[in-house]
Amino acid sequence: MDYPVIHKPALEDMKVKPNIQDYHESQRDFSWDLLKKELDGLEGGGLNLAYEAIDRHVKKGKGDKVAFYWEGAKGEEEVYTFAQFKVQSDKFANVLQGLGVEKGDRVFIYMDRIPELYFAFFGILKAGAIAGPLFSAFGPDPVKDRLLDSGARVLVTSPNLRAKISGILGDLPDLKHVVVVNKNNRHPEGLQPGDVSYEEAMAGASEEFTIVRTTEEDYDIMHYTSGTTGKPKGAAHVHRAIYQQYATGKWVLDLHEDDIYWCTADPGWVTGTSYGMVAPWTNGITQVIYEGGFGAGPWYRVMEKYKVTVWYTAPTAIRMLMKAGEDVVKRHDLSSLRYMCSVGEPLNPEAVVWGVQAFGMPFHDNWWQTETGAILIANYPIQDVKPGSMGRPTPGITVGILDDNYEEVPTGDEGHLAVRPGWPSMFKTYWGNEEMYNSKFQNGWYITGDKARKDEEGYFWFVGRADDVINTAGHLVGPFEVESALLEHPAVAEAGVIGKPDPIAMEIVKAFVALKDGYEPSDKLRRELMRFARKKLSSFVAPREIDFIDSLPKTRSGKIMRRLLKARELGLPEGDTSTLED
Ligand code: ATP
Ligand code: MG
C-alpha cells in the first residue's frame with residue numbers, strides 16, 4: 001500500500017500563487033488577530049457573519065460582483081450579485097422581525113438548494129437569530145426530532161417538503177410560524193391555511209435593515225452531526241467561527257478573487273454551510289450552486305459550463321466518479337479547474353492518485369468535524385501530498401495523538417486524535433446537553449472521537465472512528481486501512497469493514513464489499529479478494545470474512561455507517577437511523 005508522494009508543483013507552474021505562501025513567506029508568528037483585521041466587525045462593535053459575508057463587499061464597492069450562479073434541478077438559471085444578495089437577505093430579516101423573531105431564536109430551514117435558502121439563511125443571521133439548516137431529503141421523524149430538540153420558532157420550507165411533514169407540525173409547541181417558499185410556483189399544491197407566504201411577505205418587506213448587534217460569542221448556526229456513530233447531536237456555533245472559516249477558505253481551499261468555486265455539499269451538512277456559504281462569501285468569491293443531484297455527466301457539465309476553478313467534494317462522490325470512469329471526464333473541457341479538495345470521510349489513496357490520472361492534479365484531503373466548525377488538518381497547495389494522509393494542522397491549531405489516559409504518545413503510534421481547545425470555530429455546546437459537551441474535554445484537550453497517527457514529518461493519518469477500531473488477537477486494526485486495500489482490487493467499488501466478535505481473537509476483521517458493474521459475487525472472487533488483501537496487509541489485518549452486498553449503508557451525506565453493518569451482522573437493534581440514505 002505504498003503510494004509514492006505526489007510532489008508539490010513548482011511555484012512557477014501554478015496558475016496562481018497559493019495564499020498560504022504569503023503566510024509562510026512573511027514568517028509571521030501566528031495570531032488570529034491578524035485575520036480579524038482582514039474582516040470589518042460591525043460598526044460600533046460586535047460581529048455578524050451575514051455582514052462579513054455580504055454587506056462588507058457591497059460597502060467596499062464589490063456590489064456588482066456575482067455572489068452566485070444558480071442552476072435549478074430543471075435547468076433554470078439565476079445569477080445574484082452581492083448587492084442583490086444584500087437586498088434579499090435584508091428583506092427576509094425584516095420578514096422575520098415582522099413575525100416577532102428575536103435575537104437567539106432558532107429558525108430552521110428545510111429546503112431544496114434554491115436561492116431563497118441562502119437569502120433566508122443570511123436573513124436569519126441579520127435578525128440576530130440562530131440558523132438551523134436541515135437536509136431536504138429528511139423524512140418527518142428526523143425533522144421533528146431536530147425541531148423539538150432545538151425549540152425552533154420558525155420553519156422556512158417549500159410546499160412539497162411541507163406536505164411531507166404536515167403530520168408533525170401539530171406536535172411542535174415552540175413552532176410559531178411556517179414560512180413557505182413557492183419558487184416560480186414550482187409546486188401546484190401551494191400553501192396551507194396558516195402558512196406565511198414567502199413571496200407575499202417579501203413583496204411587502206422593506207429593503208432597509210439594520211443588522212441586529214451580535215457578538216463573537218452569540219450563537220449563529222446549529223448543526224446536527226451526521227449520525228454516523230450514534231444519535232445526531234446539535235452542535236451550536238457562534239459568530240467567531242467566521243475568523244477560521246475565512247482563513248481556511250484562503251489557505252486550504254486557496255480561494256482567490258477570480259475563482260469560481262463549487263462546493264458539492266448540501267447546506268443541510270456543516271460542509272455546506274462552513275464551506276458552501278461562509279468561507280467563499282467572507283472571501284468575496286463567486287460560487288456555483290447546483291440544485292441537481294449527483295451524476296458524473298451532470299457534474300462535469302456544471303464544471304465545464306461555469307468554468308469552475310476550485311472544487312470541494314467528498315470521498316463517496318469521488319468513488320462514484322471513479323466508478324463512472326475517466327472517459328466521462330475526457331468528454332468535458334475542465335481546463336479551468338486548478339484545485340480540488342475532499343472532506344467527510346477518509347479519502348482512500350487510490351482516489352487521490354486517480355485525481356492525478358483523471359484531472360491532472362490530486363484531491364487534497366482535509367479533516368474536520370461538525371464540532372470543529374472549520375478545517376483543522378489539511379493538505380495545502382504548497383505541500384507534498386502523501387496519498388492517504390489528511391495532511392498537517394492548519395496555522396494556529398495544535399493537534400495531539402493521545403493514549404487512553406489522554407497523554408501524548410510517541411510519534412508514529414496510534415491514539416486518540418485530539419485538539420487543543422480555543423480555536424475560533426470551536427462549537428460552544430451540544431444544544432441542551434452540556435454534560436456531553438463537557439465529556440469531550442479531557443486533560444486540556446478536545447477529544448475528537450477519531451483515532452489517528454502522526455508521522456515524522458507531521459502528517460496525520462486517519463485510522464478510524466474510536467468506536468470502529470477493531471481489536472483482533474491483541475492488534476488494533478483501523479477499518480480504513482483494510483477498506484483502502486480492498487478498494488485497490490479492480491472488482492471492488494466500495495468496502496466497509498467491522499470487527500465481528502470472536503471467542504478466540506476477541507474480534508475478527510470482516511469486510512462487506514460492493515462490486516463494480518460487470519463483476520458478480522462468487523466464492524472464487526471472495527477467495528481472490530482475501531488473498532489480495534493478505535498480500536497488501538499483514539495476515540492478521542486482512543479480512544477473515546467477506547460478504548458481498550449491493551451497496552453499503554450510508555448517511556445521507558455519504559458516510560459509511562459501519563455501526564449498521566455491525567448491528568445487522570449481529571442481529572442487534574439498529575439505533576438511530578434518521579440520517580440513513582434511502
Ligand atoms: P456523528 O458524530 O453523529 O457520529 P459524524 O461524526 O459523521 O457523525 P460529522 O461531524 O459530519 O459527523 O463528521 C465528522 C467526522 O467525519 C470526523 O470525526 C471523521 O470521523 C470523519 N472525517 C471527516 N473528514 C475526514 C477525513 N478527511 N478523513 C477521515 N475522516 C474524516
Ligand atoms: Mg462525530
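Visitor: Why is Asp22 called partly exposed?
Guide: Its relative accessible area is 41%. Buried would need a value under 20% and exposed one over 50%, so 41% falls in between and Asp22 earns the label partly exposed. Bear in mind that this is a predicted model.

Visitor: And how do you know that Lys17 is partly exposed?
Guide: Lys17 has a relative accessible area of 41%. That is not under 20% and not over 50%, so Lys17 counts as partly exposed.

Visitor: What makes the pair of Asp22 and Lys17 a salt bridge?
Guide: Their side chains meet with N and O 3.0 Å apart. The cut-off is 4 Å between a side-chain nitrogen of Lys or Arg and a carboxyl oxygen of Asp or Glu, so this pair qualifies. In general, side chains of opposite charge can pair when their charged atoms come close. The structure holds 46 salt bridges.

Visitor: How do you know that Asp259 and Arg338 form a salt bridge?
Guide: The closest N and O atoms of Asp259 and Arg338 are 2.6 Å apart, and that passes because the limit is 4 Å. Asp259 sits in the loop between α9 and β10, while Arg338 sits in the loop between α13 and β13, so the bridge ties together parts that are 79 residues apart in sequence. Both Asp259 and Arg338 are buried.

Visitor: What about Lys510 and Glu545: what makes them a salt bridge?
Guide: Here the N to O distance is 3.2 Å, so it is inside the 4 Å limit. Lys510 belongs to strand β26 and Glu545 to strand β27, so this pair ties together parts that are 35 residues apart in sequence.

Visitor: Why is Lys510 called buried, and why is Glu545 called partly exposed?
Guide: Lys510 has 3% relative accessibility, and buried means under 20%, so Lys510 fits. Glu545 comes out at 25%, so it is not under 20% and not over 50%, and partly exposed is the right term. Both residues also belong to a network of salt bridges that links Lys500, Lys510, Glu545, Asp547 and Glu569.

Visitor: Now to the ligand. How do you know that Gly227 makes a polar contact with ligand 1?
Guide: A polar backbone atom of Gly227 is 2.6 Å from an oxygen atom of ligand 1. A polar contact needs N or O atoms within 3.5 Å, so this one passes. Asp365 passes too, because an N or O atom of its side chain is 2.8 Å from a nitrogen atom of the ligand. Asn366 offers a backbone N or O atom 2.7 Å from a nitrogen atom of ligand 1.

Visitor: How much of ligand 1 does the protein bury?
Guide: On its own, ligand 1 exposes 630 Å², and the protein buries 96% of that. The elements giving two or more residues to the shell around ligand 1 are β14 and β22. β14 gives the most, with three residues. Overall, the shell divides into six nonpolar, 10 polar and seven charged residues.

Visitor: What makes β14 largely enclosed by the rest of the structure?
Guide: Five of its five residues are buried, so β14 is largely enclosed. Phe363, Asp365 and Trp367 point one way from the strand, and His364 and Asn366 point the other way.

Visitor: Why are β13 and β14 called a pair?
Guide: Three bridges join β13 and β14, in the parallel sense. Two strands pair if there are at least two bridges, so three are enough. Across that pairing, Ser342 has Asp365 as its bridge partner.

Visitor: How do you know that β21 pairs with β18, β20 and β22?
Guide: Count the bridges again. β18 and β21 share five bridges, and β21 and β22 share five as well. β20 and β21 have two bridges, so they meet the minimum of two. Each of these pairings runs antiparallel. Among the partners, Gly415 goes with Ala452 in β21, and Arg453 stands opposite Trp461 in β22.

Visitor: What makes β21 mostly covered?
Guide: Seven of the 10 residues of β21 are buried. β21 also forms a hairpin with β22, with five residues between the strands, and Gly458 in that turn has a positive phi of about 85 degrees.

Key:
Residues are numbered from 1 along each chain as its sequence is written. Chains are lettered from A and ligands numbered from 1 in the order in which they are written. This is a predicted model: local features need pLDDT of at least 70, side-chain atom pairs count only at pLDDT 80 or more; totals for chains, interfaces and linings use all residues. Side-chain values use heavy atoms; hydrogens and water are left out. A polar contact is a pair of N or O atoms within 3.5 Å; within protein, one must be able to donate a hydrogen and the other to accept it, and residues adjacent in sequence count only if both atoms are side-chain atoms. Accessible areas come from the Shrake-Rupley method with a 1.4 Å probe; for residues, only the protein chains shown count as cover. Helices (H or I, at least four residues) and strands (E, at least two) are DSSP runs, numbered from the N terminus. Ala, Val, Leu, Ile, Met, Phe, Trp, Tyr, Cys and Pro count as nonpolar, Asp, Glu, Lys and Arg as charged, and the others, Gly among them, as polar. Buried means under 20% relative accessible area, exposed over 50%, partly exposed in between (1.4 Å probe, protein chains only).
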